[in-house]
Structures are given as structure tokens and as C-alpha cells.
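The following paragraphs lead the reader through a protein structure, beginning with a single pairing of residues and moving outward from there. The sequence and the structure are shown first.

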Amino acid sequence: MFAAERRQLILEMVRANGAVSLRELARVVQTSEVTVRRDVRALEAEGLLDRRHGGAVLPGGFTRESGFPQKSHLATAEKTAIADVAASLVEEGEAIVVGAGTTTQELARRLARVPGLTVVTNSLLVAQALAHANRVEVVMTGGTLRGSNYALVGSGAEQSLQGLRVSRAFLSGSGLTAERGLSTSNMLSASVDRALVQAAAEVVVLADHTKLGTDTMFQTVPTDVMTRLVTDEPPPHDDRAGTELQALADQGVQITVAGGAASPGATGDGMAGRRPRRESPLPVQRRGGPTAQLRSAGMIPDPQPGERERARVADMRRR
């Protein structure tokens with residue numbers, strides 16, 4: 001594919017989805033992330049899109065919300081890994097709230113095997129994933145159906161959450177920064193998410209690395225309210241995502257980093273093949289870039305034994 005053809009396809013994907021990760025762009029145009037990054041930089045110079053941490057967005061500073069069909073095909077491996085780790089945080093007999101989103105839908109599929117669980121949600125997709133689960137009680141909010149993400153919103157949804165108290169809330173969104181916390185592009189969705197937060201003793205945010213550093217219009221979870229962030233491993237070259245994670249950890253958010261791809265044997269219906277999670281707090285003073293700091297802190301897995309051996313051989317050859 002010629003450069004002009006690649007860049008036209010990249011531009012069409014960003015216009016259709018609002019935000020697309022470099023990984024996804026590289027997969028679609030069948031080239032390396034290095035080449036895609038060069039194409040994105042060229043398109044940004046022409047004012048056709050904006051670069052963000054690990055991806056590209058529509059120009060103008062704030063990303064618009066993509067529809068469910070587009071979101072469901074973005075960062076699928078990352079969402080699977082995040083859902084696996086998030087499900088491991090839930091205990092038998094717990095009462096939780098789960099917000100709307102494609103990542104929380106993946107979480108719900110795994111929660112179907114947690115006995116005695118009570119799940120409060122405004123998401124039809126979350127409720128559907130748990131509809132046939134044995135010994136899992138699903139409580140839905142009222143409200144008006146928002147078709148773009150199959151969520152119940154409005155005053156009816158918010159009023160149904162008044163007086164509710166659960167142990168944890170699991171929420172996703174459109175963007176996450178250390179400065180503003182979690183945000184979304186829709187006012188009605190943001191208002192319900194804030195009501196879900198008020199009902200929970202702890203707030204767990206689920207966000208893949210492409211959302212790190214992205215800011216959208218309506219704040220849902222301020223950074224000082226976030227208990228934990230579950231995210232995926234940023235690409236090795238993406239020090240900007242590492243910088244955002246470090247800033248969140250510095251503000252007291254517990255960071256749990258899942259593997260960047262689904263483990264062998266992981267499925268949408270269970271929790272098999274779960275990868276171990278790495279948690280903060282992070283030490284502030286580390287040598288190397290932010291990603292190196294995360295790796296040193298144990299949040300990002302070290303290279304596999306085979307990779308270490310190849311690196312050792314290469315170092316001997318240099319000497």
C-alpha cells in the first residue's frame with residue numbers, strides 16, 4: 001500500500017471512530033506502528049487529525065464519542081486482559097455497580113461465574129451478559145434508553161440510585177488524565193456515572209492505554225475519587241502513557257496493569273488464563289523514561305526469559 005493510500009485509510013478510520021489506537025491502525029493497514037506513527041504525524045501537520053497517547057483522534061482537542069459498533073472492535077485484546085484482572089477483584093457475595101461500556105461488558109461476562117453476586121447496572125449489555133448466570137442477581141436502574149451505547153440515562157436512572165450503597169463501582173469512559181480523571185463525551189451518561197460513583201465505597205476505573213491522556217467534555221470520576229485503575233501494558237515506545245500512569249500513581253491511585261494481549265485460553269465466558277497483575281505505588285525517582293520506571297516498579301512485566309537471553313547475547317556482541 002502506498003503512503004497516500006495508507007494515510008487516506010487512517011483518516012477514514014479516525015473520522016468513523018473518533019479515536020483509534022496505533023495498534024489498531026497498524027493492524028488494519030498491515031504495516032508497523034513506526035510507519036503508522038509517521039503517517040499520523042504527517043496528517044497532524046496538515047491539520048486533519050490530532051495525535052494522542054498511543055493513537056489518533058479527530059482534531060479540535062476533545063474527542064467525540066464513537067458508537068457501540070465501532071467501540072466493540074477497538075482494542076479488543078486489551079479490553080479482554082483488563083476484564084480478566086478486574087473480575088479477579090470481585091469476591092463471592094459482593095454487591096457492586098457496573099457502568100456502561102464495551103470494557104465493562106467484557107467484565108460482566110466474567111462475573112457470571114461469581115456466586116452470590118449482586119450487580120446494579122444501567123447497561124443493557126451488562127445485564128444481558130449476566131441474564132442467565134446462576135446465583136447472580138441483576139438490578140437495573142430506570143431511565144431513558146440511549147441507543148448509541150445501550151445504556152439507561154436521565155433523571156429516572158439517577159433517582160433509582162439514591163440511597164444505594166455497594167462495595168465497589170466499575171466504570172469506563174472515553175478519556176482519562178491525571179488532571180481531570182475519567183471523562184466522557186455525553187452529558188447524560190456522565191451524570192449517571194457520577195451517581196454510580198456516589199453509591200460505591202470504592203471506584204475502579206477500567207481504561208486501556210489509548211484512553212490515557214485523552215480528555216473529553218464531561219468529567220465523571222475526579223482523580224481524587226478513583227481508588228484503582230486497571231489498564232493494559234503500554235507499548236514499549238509509549239513513554240507518554242507511562243507519564244500519565246506515573247502522574248495518576250503520584251496522586252494516590254492504585255495502578256493495576258494487565259497484559260497487553262489476552263492470555264492463551266482466556267475466553268469471554270470465564271476467567272481462565274488470567275495474567276498476574278502488577279500494582280502501584282510507584283517510586284517517583286527512577287532512572288530512564290516513564291515506561292522504564294513502570295517496569296522497574298514491577299507494574300509492567302519484565303521481558304520473557306528468551307528475550308533476556310537475546311538481549312544478553314546482543315550486549316556481548318557490542319562489547
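In this predicted model, a convenient place to begin is residue R52, whose bridge partner in strand β3 is G55. This contact belongs to the pairing of β2 with β3 (residues 55-57), which runs in the antiparallel sense over 3 bridges. In general, the strands of a sheet pair through backbone hydrogen bonds, either parallel or antiparallel.

The two strands are part of an open sheet of 3 strands, arranged in the order β1-β3-β2 with antiparallel pairing. Strands β1 (19-21) and β2 (50-52) stand at the edges with a single partner strand each, so one side of each has no neighbour in the sheet. From one strand to the next, the twist averages 25 degrees. Helix α2 (residues 22-29) lies across β1 and β3, and its course makes about 75 degrees with β1.

A further open sheet is found later in the sequence. It also consists of 3 strands with antiparallel pairing, here in the order β10-β11-β13. The edge positions are taken by β10 (175-177) and β13 (218-221); each has a single partner strand, and therefore one side of each is left without a neighbour in the sheet. The twist in this sheet averages 40 degrees from one strand to the next.

Within this sheet, strand β11 (residues 181-184) pairs with β13 in the antiparallel sense over 3 bridges. Here L182 stands opposite V221 of β13. Helix α9 (residues 187-198) packs on the sheet and touches both β11 and β13, its direction making about 20 degrees with that of β13.

Attention may now turn to the surface. A nonpolar patch of about 340 Å² is made there by L124, M140, L145 and Y150. One of these residues, L145, is found in strand β7 (residues 144-146).

How confident is the predictor in this chain, as expressed by the mean pLDDT? The mean pLDDT of the protein chain is 79, and 74% of its residues reach 70 or more. Confidence is highest in strand β4 (residues 95-98), at a mean of 98, and lowest in helix α4 (residues 68-71), at 46. Over residues 68-73 the pLDDT is below 50, and this stretch has 13 contacts in the model beyond near neighbours in sequence. Residues 260-278 likewise stay under 50, with 48 contacts beyond four places in sequence. Where pLDDT is low, the predicted coordinates should not be read in detail.

Notes. Residues numbered from 1 in each chain as written. Predicted model: local features only at pLDDT ≥ 70, side-chain atom pairs only at ≥ 80, totals over all residues. Heavy atoms only, no water. Patch = residues over 30% accessible without salt bridge, like charges linked within 9 Å, V, L, I, M, F, W, Y side chains within 5 Å. Areas by Shrake-Rupley, 256 points an atom, 1.4 Å probe, with all protein chains shown as cover. Salt bridge = Lys/Arg side-chain N within 4 Å of Asp/Glu carboxyl O. Helix = DSSP H or I, 4+ residues; strand = E, 2+ residues; numbered from the N terminus. Pairing = 2+ DSSP bridges. Axes fitted to C-alpha atoms, helices over the stretch in contact; angles between N-to-C directions. Contact = heavy atoms within 4.5 Å. pLDDT = per-residue confidence, 0-100.
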